[in-house]
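Subject: Structure for you to look at

Dear colleague,

I am passing on the structure we talked about, and I would be glad if you could open it alongside this message. My notes on what was found in it follow below.

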Amino acid sequence: LPSKHISLSESLLGLGGVLLQIIKNKPCSLEFIWQEYSKINNNREVFPAYHSFDNVVLAIDLLFLIGAININSEGEIHSI
């Protein structure tokens with residue numbers, strides 16, 4: 001059950017920060033971002049919270065809404 005406090009690693013904002021690290025080097029597809037995040041997702045020493053594909057999509061949406069990323073004409077996601 002949810003509690004009053006959610007750690008940064010459990011939030012979409014914290015997940016967005018990790019995703020920005022993946023996106024920063026080059027434009028990426030959503031599938032590539034998920035594959036790279038899955039490598040991190042299985043290692044609790046790197047990122048302590050588990051996030052599903054749905055949360056990754058929601059974090060990408062959040063990053064787009066705040067202007068941290070953009071989508072090019074080929075559908076690839078890149079940081080601004």
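Contact here means that heavy atoms lie within 4.5 Å, and buried means a relative accessible area under 20%. Please keep in mind throughout that this is a predicted model.

With those terms in hand, I would start at helix α1, which covers residues 12–23 and has 12 residues. From its first C-alpha to its last, α1 reaches 16 Å, close to the 16 Å expected at 1.5 Å a residue. The buried residues of α1 are G14, L15, G16, V18, L19, I22 and I23, and these buried residues pack against two helices, α2 (30–41) and α3 (53–65), as well as against the strands β1 (69–71) and β2 (77–79).

The packing of α1 on α3 can be described further, since two packed helices are described by the angle between their axes and the distance between the axes. In this model the axes of α1 and α3 come within 9 Å and cross at roughly 80°, which means that α1 is roughly perpendicular to α3. On the α1 side the contact is made by L12, L13, L15, G16, L19, L20 and I23, and on the α3 side by N55, V56, L58, A59, I60, L62 and L63.

L15, in helix α1, deserves a separate word. L15 counts as buried because its relative accessibility is 0%, below the cut-off of 20%. Leaving aside its neighbours within four places in sequence, L15 is in contact with Y37, F47, H51, N55, V56 and A59. By contrast, the C-alpha atoms of L15 and N72, which are 57 residues apart along the chain, are separated by 22 Å.

The aromatic residues are the next topic, and the structure holds 3 aromatic pairs. One of them is formed by W34 and Y37, a tilted pair with 6.2 Å from centre to centre and 40° between the planes. Because W34 and Y37 are 3 residues apart in helix α2, they are separated by about one helical turn. As for their surroundings, Y37 counts as buried, since its relative accessibility is 0%, whereas W34 is partly exposed, with a relative accessible area of 23%. W34 also pairs with F53: their ring centres are 5.4 Å apart and their planes stand at 90°, so this pair is edge-to-face. Since W34 lies in helix α2 and F53 in helix α3, the pair ties together parts that are 19 residues apart in sequence. F53 is itself partly exposed, with a relative accessible area of 35%. Taken together, ring pairs link W34, Y37, F47 and F53 into a cluster.

A ring is also involved in a further arrangement, in which the charged end of K26 sits over the ring of F32, 5.0 Å from the centre of that ring.

Finally, which residues does Y50 touch, leaving aside its neighbours within four places in sequence? Y50 has its place in the loop between α2 and α3, and with a relative accessibility of 53% it counts as exposed, because the cut-off for that term is over 50%. The contacts of Y50 outside its sequence neighbours are with N41 and R44. Y50 and E10 are 40 residues apart in sequence, and their C-alpha atoms are 7.5 Å apart in space.

With best wishes

Definitions and conventions:
Residues are numbered from 1 along each chain as its sequence is written. This is a predicted model: local features need pLDDT of at least 70, side-chain atom pairs count only at pLDDT 80 or more; totals for chains, interfaces and linings use all residues. Side-chain values use heavy atoms; hydrogens and water are left out. Helices (H or I, at least four residues) and strands (E, at least two) are DSSP runs, numbered from the N terminus. The expected span of a helix is 1.5 Å times one less than its number of residues. Buried means under 20% relative accessible area, exposed over 50%, partly exposed in between (1.4 Å probe, protein chains only). Rings of Phe, Tyr and Trp (its six-membered ring) pair if their centres lie within 6.5 Å; planes under 30 degrees apart count as stacked, over 60 as edge-to-face and the rest as tilted. A charge sits over a ring if NZ of Lys or CZ of Arg is within 6 Å of the ring centre and within 35 degrees of the ring normal. Axes are lines fitted to C-alpha atoms, for helices over the stretch in contact, and angles run from 0 to 180 degrees between N-to-C directions. Angles under 35 degrees count as roughly parallel, over 145 as roughly antiparallel, 65 to 115 as roughly perpendicular and the rest as oblique.
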